[in-house]
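Colleague: Please take a close look at one part of this model, the spaces in and around the protein, and describe them slowly enough for a first-year student to follow. I would like to hear what lines each space and what fills it.

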Amino acid sequence: MLHDMKLEDIVGDQYKEVTLDLYGGFTRKIIYTEIETPYPDGKLIVSTTDKQGIITHVNQSFVYMSGFEEEELLGAPHSILRHPDMPPAAFADLWNTVNAGNKWQGFVKNLRKDGGYYWVKATVIPNVRDGEVVGYTSVRRKPSLTKVDECIKLYPTLF
Amino acid sequence: MSYQFTVSPDFTPAQLSGWYIFNTWLQNQTDNAIHLEMYNDFHSQRKAIEEDRVDLIYANPFDATMLVRDKGFRPLVKPAAMSDEVIIAVSATNLVEDVEYLEAGIKLAVTDAPDVQMMGMIMLESGDLDSSNVELITCDANILVAKQILREEAEVGIFLASAYDELSSMIKDELRILVRSQISVIHHSLMIGPNLLDQREKIHDILLNMSHDEKGQGVLESLGFQQWETVSEDEMEFMIDLMDTLMM
Ligand SMILES: Cc1cc2nc3c(=O)[nH]c(=O)nc-3n(C[C@H](O)[C@H](O)[C@H](O)COP(=O)(O)O)c2cc1C
């Protein structure tokens, strides 16, 4: 379960509202703006999840870029970062790929607690111990502007 | 029984004697016969690990997965408050302000340390550069990476940040940093193998207490840091997951 976003957390007065249907049959009210936080040079954003996609570990850069406190992130579904501009097909592909035991790579627009967004190049892998998947790890790096521009054009066509 | 200790081959010339001093100190403290084997390159060190000849290793993060998953090694300690970071630098006269503006086809000088190469290439990706469109010049040491740039044989260099910081100011004045990584969670670690595991706690405590002892302090100084810090199983698992994600 995720809480609806609260207006008091939103930075900027130009915002939109939408309700997203998330995995597991629940919905979340999203409030989002057009304010981009640029990806910081030299950093990697790292998180791990359990088999259900519930966040189990985040690094400092994750906390900083998401705008949440670490305590708010741990135990939350990873869709806490789900931005309405991301086509569901991208995440279906992500889950199909990692469930087949493979590495997934893609460009993702993520939602911040303050309603803003940031682009990343994400890599997700299944963590296998003794032949069994015990969770997933994702590492994000700074995306190239060329690739982000391609995604800005492509993603709206995938809905 | 004699044990073998080895050190990730990316040690700097200054640290070489430090590791010998450390090994002597460790033998005295633990009452073990420990032979220090300094391999010249990662390839020969990996072969020794493969053949189960290594019992204690100051390991490159790149080798942590293999050591833990395949060879039953466990983490002990790492230099306190230190992590492996990289620097992407160009000549001070180069007008490029950001990785974004580097052109495909550039010549890139880099040391043979696998973690440095990997992290450096990641930092260059935001400029649409990857191994398919750069020309890699592999060097034996960070100083040689700098020289490649100064001689204009390479446009860009990837350095281990701590080694870059130790370059002479004369050399650094002729270079300019484009990116300094702040990854924080990738680091070398001292790791202990199956034959020594029964002494894990004892050795761990001896290492942690090293900085409280005058002689121990001197040994640490010769290695270039102040004290050891515990690496927990959790922390090691997180680093391995991260490295796996980047390497897979
Ligand atoms: C390790 C891992 C990292 C993930 N990172 C993100 C992320 O950064 N942003 C995101 O929107 N979804 C991420 N996801 C996918 C989410 O779990 C989720 O599938 C997605 O947000 C879409 O929501 P939904 O599946 O509820 O429709 C990640 C999943 C895994 C396993």
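Modeller: One convention is needed before the linings can be described: Ala, Val, Leu, Ile, Met, Phe, Trp, Tyr, Cys and Pro count as nonpolar, Asp, Glu, Lys and Arg as charged, and the others, Gly among them, as polar. Please also keep in mind that this is a predicted model. As for the idea behind the search, rolling a probe the size of a water molecule over the atoms shows where empty space is left.

Let us start with enclosed space. Searching the whole structure for cavities of 30 Å³ or more turns up 1, and the largest cavity holds about 70 Å³ of space. Its lining draws on both chains: chain A contributes A:Pro40, A:Asp41, A:Gly42, A:Lys43, A:Leu44, A:Arg141 and A:Lys142, while chain B contributes B:Ile122, B:Met123, B:Ser126 and B:Val179. Sorted by class, this lining has 5 nonpolar, 2 polar and 4 charged residues.

The open spaces come next, and here the ligand enters the picture, since the space that it takes is the largest pocket. That pocket has a volume of about 830 Å³, and it is lined by 32 residues, with A:Gly53, A:His78, A:Ser79, A:Phe91 and A:Trp95 closest to its centre. Two or more lining residues come from each of several elements of chain A, namely strand S1 (16-22), strand S3 (45-49), H3, strand S5 (104-111), strand S6 (117-129) and S7. H3(A) gives the most to this lining, with 5 residues, and by class the lining divides into 18 nonpolar, 10 polar and 4 charged residues.

Within this pocket, the ligand has 15 residues around it, of which A:Tyr23, A:Phe91, A:Trp95, A:Asn110 and A:Arg140 are the closest. In chain A, helix H3 (88-99) and strand S7 (132-141) each supply at least two residues of this shell, and the largest share, 4 residues, comes from S7(A). The shell is made up of 7 nonpolar, 6 polar and 2 charged residues.

Some of these neighbours place polar atoms beside the ligand. In A:Asn110, a polar side-chain atom lies 2.7 Å from a nitrogen atom of the ligand, and A:Arg140 likewise has a polar side-chain atom 3.1 Å from a ligand nitrogen atom. For A:Trp95, the partner is an oxygen atom of the ligand, which is 2.8 Å from an N or O atom in the side chain. The ligand taken alone would expose 590 Å², and the protein buries 91% of that.

Finally, the second largest pocket holds about 550 Å³ of space. It has 28 lining residues, and those nearest its centre are B:Gln15, B:Tyr58, B:Met82, B:Leu160 and B:Ser162. The elements that each provide two or more residues to this lining are helix H1 (13-30), helix H6 (161-165) and helix H9 (214-223) of chain B. H6(B) gives the most, with 4 residues, and the lining as a whole is split into 13 nonpolar, 9 polar and 6 charged residues.

Notes
Residues are numbered from 1 along each chain as its sequence is written. Chains are lettered from A and ligands numbered from 1 in the order in which they are written. This is a predicted model: local features need pLDDT of at least 70, side-chain atom pairs count only at pLDDT 80 or more; totals for chains, interfaces and linings use all residues. Side-chain values use heavy atoms; hydrogens and water are left out. On a 1 Å grid over the protein atoms alone, a cavity is a set of points where a 1.4 Å probe fits but cannot get out, and a pocket is an open set with protein on both sides within 12 Å along at least five of seven lines; lining residues have an atom within 4 Å of a point. Grid points are joined across faces, edges and corners, and a volume is the space filled by probe spheres set on the points. A residue is near a molecule or strand if one of its heavy atoms lies within 4 Å of it. A polar contact is a pair of N or O atoms within 3.5 Å; within protein, one must be able to donate a hydrogen and the other to accept it, and residues adjacent in sequence count only if both atoms are side-chain atoms. Accessible areas come from the Shrake-Rupley method with a 1.4 Å probe; for residues, only the protein chains shown count as cover. A molecule sits in a cavity or pocket if more than half of its atoms lie within 2 Å of its grid points.
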